[in-house]
Amino acid sequence: MQFDKVKKFILAKLKKELPKNLTYHSLGHIKDVYKAAEQFAELEKVVGEELTLLLTAVLFHDSGFLVQQKEHEQLGCEIARQYLPEYDYSPEQIERICGMIMATRIPQTPHNKLEKIICDADLDYLGRDDFFKIGNYLFDELCMYGLINNENEWNKLQVRFLEGHKYFTTSAKKLRKKKKK
């Protein structure tokens, strides 16, 4: 696996091609999730190939937004399947990466440790001090897509989402659950 090369490639592609009107699912979000995934991986003792697969999945998890918002996780898998073989990822490794990407689809459905870590990293902001700032980016994006129409709808959606959300890893529960409440 040529991780450093694929990281450079996909970050450049996302920077250049992601729609500029994405206020939440932006390059900044990818980098934020990457940082959280690194932190959770360290706490969960994930190293070596497992760590490389996890971080690759993070880099591709919202790449489907290069195409469209709807079904972006599936599209992200298609993009991963298209490019990762060029960077010496095996079919088995790519399918594990796609499993992680698909686990981030709401409602999240992780089935193993790496899928749990990427899910927790993807929604890490829910238990952080910058929750409202990042939430406003999501509000703007959902309004742009016409998925919500006003702040009242947003507040109701947020309450339902927060009540139904749970962290999956021990690390995220320890670090984020208290602030989320």
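Here is a short briefing on how helix α3 packs against two other helices and on the nonpolar core. The model is a predicted one. Helix α3 covers residues 48–60, and its contacts with α1 and with α6 are set out below, followed by the core and Phe-60.

**α3 with α1**
- The axes of α1 (residues 3–17) and α3 lie 10 Å apart, at an angle of about 10°.
- Because angles under 35 degrees count as roughly parallel, α1 is roughly parallel to α3.
- The crossing of these two helices is left-handed.
- On the α1 side you will find Phe-3, Val-6, Lys-7, Ile-10, Leu-11 and Leu-14, which meet Thr-52, Leu-55, Thr-56, Leu-59 and Phe-60 of α3.
- By class, this contact holds eight nonpolar, two polar and one charged residues.

**α3 with α6**
- Here the axes come within 10 Å and cross at roughly 40°, which makes α3 oblique to α6.
- This crossing is right-handed.
- From α3, Glu-50, Leu-54, Ala-57 and Val-58 meet Leu-114, Ile-117 and Ile-118 of α6.
- Six residues of the contact are nonpolar, none is polar and one is charged.

**The nonpolar core and Phe-60**
- The largest nonpolar core has 54 residues, and Phe-60 and Tyr-89 have the most contacts inside it.
- Helices α1, α2, α3, α4, α5, α6 and α7 each supply at least two of the core residues.
- Helix α2 gives the largest share, with eight residues.
- Leaving aside residues up to four places away in sequence, Phe-60 touches Val-6, Ile-10, Gly-76, Ile-79, Ala-80, Leu-84 and Ile-101.

Terms used
Residues numbered from 1 in each chain as written. Predicted model: local features only at pLDDT ≥ 70, side-chain atom pairs only at ≥ 80, totals over all residues. Heavy atoms only, no water. Axes fitted to C-alpha atoms, helices over the stretch in contact; angles between N-to-C directions. Helix = DSSP H or I, 4+ residues; strand = E, 2+ residues; numbered from the N terminus. Parallel < 35°, antiparallel > 145°, perpendicular 65-115°, else oblique. Left-handed = near helix turned anticlockwise from the far one by under 90°. Contact = heavy atoms within 4.5 Å. Nonpolar A, V, L, I, M, F, W, Y, C, P; charged D, E, K, R; others polar. Core = buried A, V, L, I, M, F, W, Y, C linked by side-chain atoms within 4.5 Å. Buried < 20%, exposed > 50% of the residue type's maximum accessible area, 1.4 Å probe, protein only.
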